[in-house]
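User: Please take a close look at one chain of this model, following how its parts are arranged, and then add briefly what the other chain has to offer on helix packing. I would like the cut-offs behind the terms as you go.

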Amino acid sequence: MARIELTGVTKVYPGNVEAIKNLNLSIADGELVVLVGPSGCGKSTLLRMIAGLETITDGTIEIGDTVVNKLEPADRDIAMVFQNYALYPHMSVRGNLEYGLKNRGTPKAEIAERVNEAARILEIEPFLERKPRQLSGGQRQRVAMGRAIVRKPKAFLFDEPLSNLDAKLRSHMRVEIRRLQRTLGTTSVYVTHDQLEAMTLADKLVVMNGGLIEQVGKPLEIYSDPQSLFVAAFMGSPGMNLIEIEQLQALGASLPDMVPANTGTIGIRPEDIVLGDAGPEHISLPGTLDAIELVGSESLVYGRADGLNKELIVRAPGIHLGEPGNRITFSIPKAALHCFDRDTGRKRVATANAA
Amino acid sequence: MVENRPVLTFLTHAVLILGVAIVIFPVYIAFIASTHGPGTFLRGVAPMLPGEHMVENYSRMLAAGHSTSGAPPLWLMLINSTWMAIIITVGKISISIISAYAIVYFKFPFRTLCFWIIFVTLMLPVEVRIIPTFAVVANLGLLNSYVGLTLPLIASATATFLFRQFFLTVPDELMEAARVDGAGPIKFFKDILLPLSRTNIAALSVILFIYGWVQYLWPLLITTDTRYYTIVMGIKRLAAYADQEPQWNLVMAAVMLAMLPPVLVVIFMQRLFVKGLVETEK
């Protein structure tokens with residue numbers, strides 16, 4: 001158990017490709033931090049640098065109070081869960097769990113005790129003598145977790161551990177990982193591209209893009225108050241609707257007073273848009289319906305407002321029916337607007353609540 | 001595929017049986033010849049059924065050899081051949097698995113170049129480089145020795161290449177997991193890679209054992225002392241009789257005995273051999 005401190009961490013690949021650019025992040029003891037971002041954003045590279053599987057070009061990584069830059073993965077006292085589990089195929093489940101402990105010269109009695117404890121926690125006791133290929137995907141995943149927890153490391157590193165599972169199992173394991181991490185209280189870093197995993201698992205969410213951290217915060221904080229255009233568009237599925245302000249002005253729409261100067265783009269969450277006329281506190285945009293996706297509990301309505309070049313997505317509660325080509329009105333509540341700077345794409349101070 | 005066409009079934013079986021017969025027939029003739037007395041095969045009409053000299057022929061060849069043709073007893077040549085094949089097999093596999101490990105898992109300058117040099121130089125068969133190789137071995141004073149017999153044949157590009165291809169299919173995460181688990185390069189090789197290569201090693205052993213067993217030209221060049229004769233070259237000595245009809249019954253007895261070990265190896269290793277060739281599950 002330990003905190004992890006990244007200071008000025010940089011990774012440059014041969015050919016001058018900068019994968020991670022001068023990144024700072026501190027992870028408190030016992031915290032579960034989720035790194036999320038599109039593929040190629042450097043989140044996996046960062047995790048592998050913490051693990052010691054990638055060298056660090058510049059900066060320092062501290063685990064506990066030790067600078068681990070030059071240490072082998074084995075000496076960093078971390079455990080990693082891989083996307084494809086990376087179980088040793090020729091060893092039994094027990095052999096897989098024991099291997100790391102044996103290599104560290106842990107006494108036999110303690111190995112047996114720890115393996116049994118881990119097997120009990122993960123409910124894999126019946127499979128201990130089986131080979132990995134005789135297990136189902138979910139069971140393999142548990143063994144991979146088991147291999148991490150028997151070590152009792154300072155930190156767990158998860159590299160998209162659930163992406164090889166089917167949807168149902170994934171949500172089940174998600175809850176389980178959360179519960180396990182809480183019980184053990186081990187500092188964890190978790191890489192995923194799955195929104196849902198990111199939102200539900202994280203104590204602290206780190207949104208990355210192009211080797212940089214876009215925003216760090218509690219999951220809900222990031223969802224409700226994205227600090228940049230990228231975060232606004234990336235988080236949430238579907239992401240935030242982004243409308244260029246010039247197009248709105250060209251339409252003659254009355255912009256609320258609180259939109260700060262130099263705003264280039266406004267954003268609105270799909271669930272905040274109301275269909276139909278909703279009164280003066282809203283920006284009303286007439287348009288046409290393109291398509292409707294009925295999810296059951298809600299409907300995703302795709303449409304185009306007259307004069308805007310981008311499709312708007314509305315998340316309407318319940319079942320919303322309509323034919324493509326129908327006229328509809330998008331009502332955007334002024335209070336729910338997010339304003340982003342014309343030049344930097346960063347959030348402009350939202351005075352929305354004051355209005 | 002479910003098919004029910006009797007004519008086709010008949011035809012395919014006929015072709016199959018014919019093929020087997022073509023392959024088996026010479027072996028059968030050899031066996032028959034080895035069971036008859038000296039002259040029977042020179043009369044022009046070859047017998048089709050075993051004769052009664054089998055025990056006599058085999059025991060004579062095994063124990064005493066054929067002194068007039070300058071060949072030692074068969075048991076000595078069989079032992080020599082076995083040694084040679086085993087040393088070549090073990091040597092080839094250990095050297096090539098280690099070099100494949102180096103080429104796949106370690107980053108060093110000119111790694112690809114190294115691989116291609118190994119590949120190109122060793123792709124050349126022994127026959128092509130036989131004169132320089134002979135010169136080197138002779139200068140090292142290794143003529144008439146097991147070292148001389150096996151050393152020049154002991155490196156294998158094919159095996160290196162096969163192991164390299166196999167290692168490339170082993171997921172990188174396995175190596176990374178082992179690193180996190182505290183296994184250094186040697187431990188990873190010993191605990192993970194070697195057990196995973198088990199079936200490949202078995203399949204390759206069979207092929208390499210037979211390769212070593214059937215070596216002819218190299219033993220012929222390098223051994224002049226009958227104590228180091230191998231069985232395959234020994235047969236040639238038996239058949240090469242000056243001014244006299246070869247004693248086919250004895251030659252064929254030697255041939256049958258020479259065929260036996262590779263056949264046994266294939267039979268006993270068959271299960272592993274097939275598994276090694278078809279296994280895809282990691």
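Analyst: The centres of domain 1 of chain A and domain 2 of chain A, taken over C-alpha atoms, are separated by 40 Å. The model is a predicted one, in which local features need pLDDT of at least 70 and side-chain atom pairs count only at pLDDT 80 or more, while totals for chains, interfaces and linings use all residues. Residues are numbered from 1 along each chain as its sequence is written, chains are lettered from A and ligands numbered from 1 in the order in which they are written, and side-chain values use heavy atoms, with hydrogens and water left out.

The domain assignment places domain 1 of chain A at residues 4-224 and domain 2 of chain A at residues 238-340, with bounds that come from an automatic or database assignment. Separately, an unreviewed UniProt entry annotates residues 4-235 of chain A as "domain: ABC transporter", a record whose annotations may be inferred rather than shown by experiment. Over residues 4-235 of chain A, the model gives 37% helix and 26% strand, and the C-alpha atoms at the two ends of that span lie 25 Å apart. Helices (H or I, at least four residues) and strands (E, at least two) are DSSP runs, numbered from the N terminus.

One open sheet of chain A contains six strands in the order β6-β7-β8-β3-β9-β10, and the pairing within the sheet is mixed; two strands pair if DSSP finds at least two bridges between them. Each of β6 (78-81) and β10 (212-217) of chain A has a single partner strand, so these two stand at the edges, with one side of each left without a neighbour in the sheet. On average, and with direction ignored, neighbouring strands of this sheet are turned by 20 degrees against each other.

At the β6(A) edge, the partner is strand β7 (residues 155-159) of chain A, and the two pair in the parallel sense over four bridges. Within that pairing, A:A79 has A:F156 of β7(A) as its bridge partner. Helix α4 (residues 137-149) of chain A lies across β6 and β7 of chain A, and runs at about 175 degrees to β6(A). Such angles run from 0 to 180 degrees between N-to-C directions, with axes fitted to C-alpha atoms, for helices over the stretch in contact; contact itself means heavy atoms within 4.5 Å.

The loop between β6 and α2 (93-103) of chain A holds A:Y85, which has a positive phi of about 75 degrees although it is not a glycine. A second backbone feature is the cis peptide bond that joins A:S237 and A:P238, with omega about 0 degrees. A:P238 belongs to the loop between α8 (229-234) and β11 of chain A. As background to both features, most residues other than glycine have a negative phi, and most peptide bonds are trans.

Beyond that loop, β11 of chain A takes part in an open sheet of three strands, ordered β11-β12-β18, with antiparallel pairing. The edges are held by β11 (241-244) and β18 (338-341) of chain A, each with a single partner strand, so one side of each has no neighbour in the sheet. Here the average turn between neighbouring strands, direction ignored, is 30 degrees. Strand β12 (residues 263-268) of chain A runs antiparallel to β18(A), to which four bridges join it, and A:G267 stands opposite A:H338 in β18(A).

For helix packing in the other chain, helix α3 (residues 74-105) of chain B and helix α7 (residues 157-169) of chain B have axes that come within 8 Å and cross at roughly 45 degrees. The two helices, α3(B) and α7(B), are therefore oblique to each other. The residues of α3(B) that meet α7(B) include B:I93, B:I97, B:A100 and B:V104, and the α7(B) side of the contact includes B:F163, B:F167 and B:L168. UniProt, in an unreviewed entry, lists residues 83-106 of chain B among the spans called "transmembrane region"; in the model, residues 83-106 of chain B are 96% helix and 0% strand, with their end C-alpha atoms 34 Å apart. "Oblique" covers what remains after angles under 35 degrees (roughly parallel), over 145 (roughly antiparallel) and 65 to 115 (roughly perpendicular).
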